[in-house]
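Biologist: Could you pull up the model and talk me through it? I would like to start with the nucleic acid and then move on to the fold.

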Amino acid sequence: MTLASFASRVVEWQQREGRSGLPWQQSADPYRVWLSEIMLQQTQVATVLRYYPRFLARFPDVQSLAEAPIDEVLGLWSGLGYYSRARSLHRCAQVVCAVHGGRFPTCAAELERLPGIGRSTAAAIASFCFHEPVSILDGNVRRLLTRHLGFDADLSKARNVDALWQRAQTLVPIEEPTSMPRYTQGLMDLGAMICTPRRPRCAACPLAGDCRAYASGEPERLPMRRLALARQSRQLWLLWLERPDGATLLQRRPARGIWGGLHCLPAFDSLDALRDAAHRGWGLTGAGQTESPRVHRLTHLDLTLQPVRWCLVPPGAPQFLDGADWYLPAQWERLGLPAPIRVWLQDSARSRSVDLAMPHERRPAAAIP
DNA sequence: AATGCGTGGGG
DNA sequence: TCCCCAAGCAT
């Protein structure tokens with residue numbers, strides 16, 4: 001008995017076993033699909049499920065998103081990571097409204113010209129919404145295809161990735177474009193549910209019959225492991241000032257780099273730089289109260305976050321710290337904040353409210369500068 | 001073309 | 001705990 005085509009096995013398996021209840025699968029509205037694809041870049045489904053409904057409720061269509069202030073967009077994105085996605089999302093919405101009359105382009109080539117939409121995301125949207133026979137090539141497909149084809153070339157080389165893109169494109173069901181949504185979804189589902197990085201469930205895979213990696217008996221050997229990157233270390237000194245009314249000093253971070261565009265405690269590369277700012281800005285004296293540092297692990301970086309606080313803060317806006325301002329909890333809650341900063345501020349606000357509720361209880365002693 | 005960009009799930 | 005890596009893209 002001969003095997004059905006690669007594509008038809010993917011499509012039939014998706015129909016039987018694939019995922020169908022995810023919120024962004026309930027409509028072929030390009031806006032909803034686009035939003036989900038951007039959120040899902042390098043981000044697991046379980047995580048996106050906590051953000052997508054809230055975001056969509058606030059921004060139900062591309063116009064509402066385009067008109068929104070960027071800080072509100074970043075606020076709803078806060079915690080999802082890779083914040084350049086949120087800034088590109090916002091710009092993309094504005095381009096779609098201003099240039100395309102509020103309707104997304106209907107082919108992958110045009111979609112790819114928009115901010116934040118690369119080749120794979122363009123193909124996902126075009127195949128889901130417009131049945132265009134173009135292949136995605138995300139982490140799932142990369143793993144599934146390298147295994148199925150026995151593709152052992154080094155994927156850190158662009159030419160090998162190009163070759164894999166070509167192989168992926170030759171497998172799409174161009175005779176049945178109406179099955180493209182299910183085909184694309186099936187590739188993603190197989191990668192996420194069957195062809196997993198560790199201990200793939202080959203016995204349940206509709207593609208095992210002609211899978212080179214399965215035949216080899218060691219499917220986990222593909223794709224070729226990227227060499228472990230030595231993680232660098234960086235230290236950020238954070239100026240943490242709270243006014244008596246509970247407002248916290250925050251500063252918008254530059255658009256480029258880590259936490260770009262988010263609000264954050266004013267950050268410095270050294271304790272000297274932080275103290276200099278505190279002394280010149282407020283006439284604060286002494287060393288400040290150095291809190292216990294926290295290591296924030298990113299994929300390629302160990303960030304040691306080291307807050308320094310002063311208890312007595314003169315009133316007034318800091319003119320010398322560009323863009324820095326005071327935010328009450330009700331205000332900063334809605335801003336985009338780095339995840340560890342939000343945790344810190346929340347803990348502080350919580351203990352503060354306990355203090356206020358029990359004014360006669362023992363309060364922490366004021367630090368001596 | 002190599003690198004930077006977040007956070008958290010899961011083994 | 002530690003490590004891998006996720007519906008990638010921009011520069």
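Modeller: What follows goes through the DNA contacts, the helix packing, the strands and two backbone details of this model, which is predicted.

Biologist: Okay, DNA strand C then: which residues come nearest to it?

Modeller: There are 27 residues around DNA strand C, and of these Gln42, Gly116, Gly118, Thr121 and Asn140 come nearest. Divided by class, the surface near DNA strand C has eight nonpolar, 11 polar and eight charged residues.

Biologist: What part of DNA strand C is facing the protein, by atoms within 4 Å?

Modeller: Of the atoms of DNA strand C within 4 Å of the protein, 65% belong to sugar or phosphate, while the rest belong to bases.

Biologist: Which phosphate contacts can you give me, and does anything go to a sugar or linking oxygen, and if so what?

Modeller: For Gln42 the contact comes from the backbone, with an N or O atom lying 2.7 Å from a phosphate oxygen of DNA strand C. For Thr121 it comes from the side chain, where an N or O atom is 2.7 Å from a phosphate oxygen of DNA strand C. Asp138 has a polar side-chain atom 2.8 Å from a sugar or linking oxygen of DNA strand C. As for the elements behind this surface, those giving two or more residues to it are helix 2 (30-40), helix 9 (119-130), helix 10 (139-149) and helix 12.

Biologist: And DNA strand B, how many residues surround it?

Modeller: DNA strand B is surrounded by 22 residues, and the closest are Gln44, Tyr83, Trp259, His296 and Ala339. The surface near DNA strand B divides into 10 nonpolar, 10 polar and two charged residues. Of the DNA strand B atoms within 4 Å of the protein, 59% belong to sugar or phosphate and the rest to bases.

Biologist: Which residue there has a polar side-chain atom by a base oxygen?

Modeller: That is Thr299, whose polar side-chain atom lies 2.7 Å from a base oxygen of DNA strand B. Two contacts through the backbone go to phosphate oxygens of DNA strand B: a backbone N or O atom of Ala339 lies 2.7 Å from one, and a polar backbone atom of Ser156 is 3.5 Å from one. The elements that give two or more residues to the surface near DNA strand B are strand 6 (294-297) and helix 16 (339-357).

Biologist: Helix 12 came up for DNA strand C, so what is its angle to helix 9?

Modeller: Helix 9 and helix 12 pack at an angle of about 135°, with their axes 7 Å apart, and they are therefore oblique to each other. On the helix 9 side the contact is made by Ala124, Ser127 and Phe128, and on the helix 12 side by Met180, Pro181, Thr184, Gln185 and Met188. The residues of this contact divide into five nonpolar, three polar and no charged.

Biologist: And how is helix 1 set against helix 12?

Modeller: Helix 1 (residues 6-17) packs on helix 12 (residues 180-194) at an angle of about 75°, with the axes 8 Å apart, which makes helix 1 roughly perpendicular to helix 12. Among the residues making the contact are Phe6, Val10 and Trp13 of helix 1 and Tyr183, Leu187 and Leu190 of helix 12. By class, this contact has 10 nonpolar, four polar and three charged residues.

Biologist: Switching to strands, what joins strand 6 to strand 7?

Modeller: A hairpin joins strand 6 to strand 7 through three residues. Strand 6 and strand 7 (residues 301-310) run antiparallel and are joined by four bridges, and Arg297 has Asp302 of strand 7 as its bridge partner.

Biologist: What is the strand order in the open sheet of three strands?

Modeller: The order is 3-2-8, with antiparallel pairing, and the edge strands are strand 3 (263-264) and strand 8 (324-327), each of which pairs on one side only. Strand 2 (residues 248-252) is joined to strand 8 by four bridges, and the bridge partner of Gln251 in strand 8 is Ala324.

Biologist: Last topic, the backbone: which peptide bond is cis, and which residue other than glycine has a positive phi?

Modeller: The peptide bond from Leu222 to Pro223 is cis, with omega near -5°, and Pro223 is in the loop between helix 13 (212-216) and strand 1 (232-241). His131 has a positive phi, near 60°, and is found in the loop between helix 9 and helix 10. Most residues other than glycine have a negative phi, and most peptide bonds are trans.

Terms used
Residues are numbered from 1 along each chain as its sequence is written. Chains are lettered from A and ligands numbered from 1 in the order in which they are written. This is a predicted model: local features need pLDDT of at least 70, side-chain atom pairs count only at pLDDT 80 or more; totals for chains, interfaces and linings use all residues. Side-chain values use heavy atoms; hydrogens and water are left out. Axes are lines fitted to C-alpha atoms, for helices over the stretch in contact, and angles run from 0 to 180 degrees between N-to-C directions. Angles under 35 degrees count as roughly parallel, over 145 as roughly antiparallel, 65 to 115 as roughly perpendicular and the rest as oblique. Contact means heavy atoms within 4.5 Å. Ala, Val, Leu, Ile, Met, Phe, Trp, Tyr, Cys and Pro count as nonpolar, Asp, Glu, Lys and Arg as charged, and the others, Gly among them, as polar. A residue is near a molecule or strand if one of its heavy atoms lies within 4 Å of it. A polar contact is a pair of N or O atoms within 3.5 Å; within protein, one must be able to donate a hydrogen and the other to accept it, and residues adjacent in sequence count only if both atoms are side-chain atoms. Two strands pair if DSSP finds at least two bridges between them.
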